[in-house]
Amino acid sequence: MLNRIFFVCLSLSLYSAGSSLSCRWIMDHKFRQHSENSLALLDTMANNSTNTTEDAEVEDTVAFPNLLYRQASKASAEDQLAFTVQILNETAALFEEDHSSASWEENTVEDFVNVVTQQADNLRSCIGSHGHKTNKKLQMYFMKLSSHVLKKMGHSAEAWELIRKKIKTHLMRADQLVSSLLTTN
């Protein structure tokens, strides 16, 4: 229910402020459509999951990078989009790892990676031609997810369920970042 409300708000803000960013891919609501698709695929993975989690143990190991999102929200429009592209790219790379222990259908995971990759590629086209530096702290965060959660837990179903939950939060925060960018310009 909250996801639907969020996307209605996102849709309205894209409609009312789309011209301020001058990115046709976002103005044509493709970013929103891809976001809805990626979140729906993550939800499908949860519905197909028989995994259990021990959230508290992993939360202590790899805390969500709220500070990085706050810093990104104060950056230029292009830097905010570059940050979002990096999140999407890191997410796709993470889901390329061995997920055979998760009880997810392979097609669902492949579709998820494809949607997130398309979203990153198209959002990248909205960024100016000058190169954007990789956010090293964000890169390290995703490396920790890989090494401290997936590898330490043997790429288990439980590890993947924790990753799925964290990635859902990332995708929702990335949507909020882009949405706020469009409404403030």
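**Burial, helices and a disulfide in a predicted model**

In this predicted model, buried residues make up 48% of the 185 residues in the protein.

Reader: Which kinds of elements does the protein have, and in what order do they run from the N terminus on?
Author: The protein has nine helices and zero strands. Read from the N terminus on, the order of its elements is therefore a run of helices, given the definition of helices and strands as DSSP runs, and it is written α-α-α-α-α-α-α-α-α.

Reader: Which residues does the disulfide join?
Author: The structure holds one disulfide. Its sulfur atoms lie 1.6 Å apart, and because a pair of cysteine sulfur atoms counts as a disulfide within 2.5 Å, the pair qualifies. The residues joined are Cys-23 and Cys-126.

Reader: How many residues apart in sequence are the parts that this pair ties together?
Author: Cys-23 lies in the loop between helix H1 (2-21) and helix H2 (24-27). Cys-126 lies in the loop between helix H7 (106-124) and helix H8 (136-151), so the parts tied together are apart in sequence by 103 residues.

Reader: Is Cys-126 buried or exposed?
Author: A residue counts as buried under 20% relative accessible area. Its partner Cys-23 has 6% and is buried. For Cys-126 the relative accessibility is 16%, so this residue, too, counts as buried.

Reader: What share of the contacts with a separation of 6 or more comes from residues 24 or more positions apart?
Author: The count concerns contacts in the protein with a separation of 6 or more. Among these contacts, residues 24 or more positions apart account for 85%.

Key: Residues are numbered from 1 along each chain as its sequence is written. This is a predicted model: local features need pLDDT of at least 70, side-chain atom pairs count only at pLDDT 80 or more; totals for chains, interfaces and linings use all residues. Side-chain values use heavy atoms; hydrogens and water are left out. Helices (H or I, at least four residues) and strands (E, at least two) are DSSP runs, numbered from the N terminus. Buried means under 20% relative accessible area, exposed over 50%, partly exposed in between (1.4 Å probe, protein chains only). Contact means heavy atoms within 4.5 Å.
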